[in-house]
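The following note sets out points for a colleague who wishes to check a model residue by residue. Please read each point with the coordinates at hand.

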Amino acid sequence: MIWTQYLLAVLILAVATSIAFLLEKWLLPSAGTVLILQLAVLVTALTTRFWPAVLSALGGALVFNFFFTEPRFSFHMVDVDEIVTMLVFLMVALITSQLATSFRSQKKELHQAELRSNILLSLSHDLRTPLASIIGNLSTLQTYQKKLPQLEQDELLQAALDESDRLHHYIENLLQATRIQYSALQLITSVQNVELLLTKVIERFGQPQRFQMDIADSLPLVDIQSSLVEQAFFNIIDNAVKFSPAASPIYISANYDPRRNCVNIRIQDQGPGIPAHLRPQVTQLFFTSRQGDAGIGGTGLGLAVAEGIIQAHHGSVTVEDSPTGCTMRVSFPVNPDLNQEYKR
Amino acid sequence: MIPDPNIRILVIDDEPQIRRFMRASIIAEGFTYLEAADADTGIRLCASAAPTLVILDLGLPDKDGIEVLSNLREWSATPVLVLTARDDEMQKVKLLEAGANDYLTKPFGIRELIARVKVLLRDLVPAHTESSLSTLEFEGIKINLQEHQVWLNDKIVSLSKKEFSLLSFLAKHAGKLVTQKQLLRECWGDTHDHDTHYLRIFISHLRKKLGDDAVEPSFIATEPGVGYRFIAAIKTPAEHNDQ
């Protein structure tokens, strides 16, 4: 809000004026009042933007003229020294505003450069780690095949395959994220049953005993592109699997919300949950709990892609309050033409 | 190198997929394999199991790799080969200064890793590298350290004093990464630490005389921003007899 910044500028100047006025009564020489007003301009320039700072500079000059020069309480000036003082004040104040503004913009640029380099670091880590496994496993197999027992050979081959899948999935997400960024996601939708779609996604994790499904009867159909929405659910459920203790249950429920006329799908895990202040950020592209190439965390792609896909279907992804772990809610609007019984 | 279970190699890496193939190949080489998935366990194992060599991944969940390295270097001289997922020269220089003996950038093939490991292990046997030998023999090149003479495929090559000192220092550390700083100190003295342009000029002269290609070297390979590595294969006496 720009007007609050102008208000802040006026406030800071008012405070500085009162301080200068009081101090001058007791001890301060007139040069001191100029410095206090200058300080007000500097504080304004550092906390707000350029124009509020200019306002503060002009205001400061007028305040000096009105309150602190003879004749007092008038804009009339007679003393040449004081006129010069006011002009110098104005010049210094304007230069200060300019410097503070460029200081702040450089700080912002620096921050963005840091962000970019972190993203590159995380990209490089996420591409290199599975590649390192694939190359390492296959070259080991090639070099030591004769010395390795059959079981070990099979394990190496399986690991290389698993990592290829991981890499494939990662690249798939990266491509999708790029399409979403450039709004180039093209939807070819068809009518789908949510329960079937969720079942299909869960099968891909290969540990059916972990998932506890609670799907409401006669759920309305949704109009979506199943391959994309599958990817979105895969990412959300993959997150739940990754950030909760091994073998802990993951609850998946789906029901119809008549008030908002939408289908809600909730995925709840038994992990540490997401602190409230981070919730708005979790679906941001490249947001991750990992630091650089160290520590536990994801690629910062999964949830961003999931949200992008679901929003393209006019749906939404929300982190809900939940007694334990983390609950993600995905909502899809219900198209009344497809579901006569849900027509309002 | 003969299989030797007394050689214990400790791998500190948090990725189980990476540990899996390193374990397979280290055991296949006949060494003893030890592993740790985080820095704290790794440091504890370094103290309790006294490994012969440590392979340390930099992207550990609990501690920064440089921190682990400096901690280790306070009380141990065990060779450390660092694995990094970053292709960052500054970081590599920092690692080497913190006491890493060599590094490998992910992804890498297992032969490369095992070759580096063997070079570091060979260095532990002092007789081989430090100049009890007066002549160093490699595939295609022979260096007489006492008479300052170099034969390229049995033909004498004349080198300047500086060129010879560069070549012999690199060859004495064959297979090992030699940093720019090490070379400058050895051949120009302590005051020329940062004069890397000298080094570039002399190395390019040396390469020209040896008929070596900087892009596809057979003798001196460049590690960009970090240093050089003498890569010609050592001619062992046994191989000599076979021919």
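1. Exposure in the first ring pair. Phe21(A) is partly exposed, at a relative accessible area of 26%. Its partner Phe67(A) is also partly exposed, with 23%. Buried denotes under 20% relative accessible area, exposed over 50%, and partly exposed the range in between, with a 1.4 Å probe and protein chains only.

2. Basis of the values. This is a predicted model, in which local features need pLDDT of at least 70 and side-chain atom pairs count only at pLDDT 80 or more, whereas totals for chains, interfaces and linings use all residues. Residues are numbered from 1 along each chain as its sequence is written, chains are lettered from A and ligands numbered from 1 in the order in which they are written, and side-chain values use heavy atoms, with hydrogens and water left out.

3. Aromatic pairs. Over all chains, the structure holds 16 aromatic pairs. In one of them, the ring centres of Phe21(A) and Phe67(A) are 5.8 Å apart and the planes stand at 75°, so the pair is edge-to-face. The two residues belong to distant parts of the chain, 46 residues apart: Phe21(A) is in helix α1 (residues 2-26) of chain A and Phe67(A) in helix α3 (residues 50-68) of chain A. Rings of Phe, Tyr and Trp (its six-membered ring) pair if their centres lie within 6.5 Å; planes under 30 degrees apart are stacked, over 60 edge-to-face, and the rest tilted. Helices (H or I, at least four residues) and strands (E, at least two) are DSSP runs, numbered from the N terminus.

4. The ring cluster. Which residues do ring pairs link into a cluster? They are Phe21(A), Phe66(A), Phe67(A), Phe68(A), Phe73(A) and Phe75(A).

5. Packing of α1(A) and α3(A). The axes of α1(A) and α3(A) lie 9 Å apart and form an angle of about 30°. This makes α1(A) roughly parallel to α3(A). The crossing of α1(A) past α3(A) is right-handed. Axes are lines fitted to C-alpha atoms, for helices over the stretch in contact, and angles run from 0 to 180 degrees between N-to-C directions. Angles under 35 degrees count as roughly parallel, over 145 as roughly antiparallel, 65 to 115 as roughly perpendicular, and the rest as oblique. A crossing is left-handed if the near helix is turned anticlockwise from the far one by less than a right angle, and right-handed if clockwise.

6. Packing that involves α5(A). The axes of α4(A) and helix α5 (residues 150-181) of chain A come within 9 Å and cross at roughly 155°. α4(A) is thereby roughly antiparallel to α5(A), and their crossing is left-handed. Across chains, α5(A) packs with helix α1 (residues 16-28) of chain B at an angle of about 150°, with the axes 10 Å apart. α5(A) and α1(B) are therefore roughly antiparallel to each other; their crossing is left-handed.

7. Backbone values to inspect. Most residues other than glycine have a negative phi, and most peptide bonds are trans. Phe73(A), in the loop between α3 and α4 (80-144) of chain A, has a positive phi of about 55° although it is not a glycine. Phe73(A) is partly exposed, at 48% relative accessibility. Ala247(A) likewise has a positive phi, near 70°, and is found in the loop between α7 (226-242) and β4 (250-257) of chain A. At 63% relative accessibility, Ala247(A) is exposed. In chain B, a cis peptide bond with omega of about -5° joins Lys106(B) and Pro107(B); Pro107(B) is in the loop between β5 (102-105) and α5 (110-124) of chain B.

8. Charges over rings. The charged end of Arg204(A) sits over the ring of Phe234(A), 4.1 Å from its centre. Lys142(B) lies over the face of Trp151(B), 4.9 Å from the ring centre. The criterion is NZ of Lys or CZ of Arg within 6 Å of the ring centre and within 35 degrees of the ring normal.

9. Cysteines. How many disulfides does the structure hold over all chains? The count is 0, a disulfide being a pair of cysteine sulfur atoms within 2.5 Å. Cys46(B) is buried, at 9% relative accessibility, and Cys187(B) is buried with a relative accessible area of 9%.
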